[in-house]
Amino acid sequence: VLTISDTRTEATDTSGALLVERLQGAGHELAARAVLRDDVEAIRATVRCWVSNEGIDVILTTGGTGFAPRDVTPEAIRPLFRREMDGFAVLFHQVSLQTVGVATLQSRAFAGQIEDTFMFCLPGSNGACRDGWENILALELDSRHKPCSLAGMVPRLRHVCA
């Protein structure tokens, strides 16, 4: 879980804490957690490091997806993608529309794949992280969800959908 924010620390990072609590509650292992400032090179360096770690299959980010001048998460991460998951943004906005209305337009939530690592970039609010986890990620990262979830696309888990 990577929180991208100029204003949060690990002690005040409630959206990152929410994602950690949800993913661990679902039985996933937290391999790493960090809070970084909105700095393109620092974000890329951390993401590259995590992608090279064979113990990390999925990276969740929170923050930096809006339109404030310092919001740089898409600019930092998208160039690293080998594939973008267009449907994630569409589905996230459909879910978000139900909770925040047209304010969902202020989010640039997105997802994709860097090498074999999947990456989901959520807004920094607790509500957005809750919506993204409960309505999308909890299902897609659960190998019991059928038809086969995204878990079957993770190289070390491909056998779950065979």
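Which residues does threonine 65 touch, not counting residues up to four places away in sequence? In this predicted model, the answer is Asp71, Thr73, Pro74, Gln106, Ser107, Arg108, Ala109, Cys121, Leu122 and Pro123. You'll find threonine 65 in the loop between β3 (58-62) and α3. Its relative accessibility is 2%, and buried means under 20%, so threonine 65 counts as buried.

One name on that contact list, Arg108, is a good place to go next. Arginine 108 forms a salt bridge with glutamate 75, and their closest N and O atoms are 2.6 Å apart. Arginine 108 lies in the loop between α4 (86-100) and β5, while glutamate 75 is in helix α3, so this pair ties together parts that are 33 residues apart in sequence. Arginine 108 counts as buried at 18% relative accessibility, whereas glutamate 75, at 38%, counts as partly exposed. The charged end of arginine 108 also sits over the ring of phenylalanine 67, 5.4 Å from its centre.

Now for the rings. A search of the whole structure turns up 3 aromatic pairs. Take phenylalanine 81 and phenylalanine 110: their ring centres are 5.8 Å apart and their planes meet at 55 degrees, so the pair is tilted. Phenylalanine 81 is in the loop between α3 (73-77) and β4 (83-84), and phenylalanine 110 is in strand β5 (residues 110-114), so the pair ties together parts that are 29 residues apart in sequence. Phenylalanine 81 counts as buried at 13% relative accessibility, and so does phenylalanine 110 at 1%. Phenylalanine 110 has a charged partner, too: the charged end of arginine 78 sits over its ring, 4.4 Å from the centre. Elsewhere, Phe88, Phe92 and Phe120 form one aromatic cluster.

Back to salt bridges, where the count comes to 9. Have a look at arginine 22. Its side chain meets that of glutamate 21 in a salt bridge (3.1 Å, N to O), and it meets that of glutamate 134 in a salt bridge as well (2.6 Å, N to O). Since glutamate 134 lies in helix α5 and arginine 22 in helix α1 (residues 14-25), that second pair ties together parts that are 112 residues apart in sequence. Glutamate 134 is partly exposed at 42% relative accessibility, and glutamate 21 is partly exposed at 45%.

Last stop: serine 125, in the loop between β6 (117-122) and α5 (126-140). Serine 125 is partly exposed, with a relative accessible area of 38%. Its C-alpha atom is 7.8 Å from that of threonine 62, although the two are 63 residues apart along the chain.

Key:
Residues numbered from 1 in each chain as written. Predicted model: local features only at pLDDT ≥ 70, side-chain atom pairs only at ≥ 80, totals over all residues. Heavy atoms only, no water. Phe/Tyr/Trp six-rings, centres within 6.5 Å; stacked < 30°, edge-to-face > 60°. Helix = DSSP H or I, 4+ residues; strand = E, 2+ residues; numbered from the N terminus. Buried < 20%, exposed > 50% of the residue type's maximum accessible area, 1.4 Å probe, protein only. Lys NZ or Arg CZ within 6 Å of the ring centre and 35° of its normal. Contact = heavy atoms within 4.5 Å. Salt bridge = Lys/Arg side-chain N within 4 Å of Asp/Glu carboxyl O.
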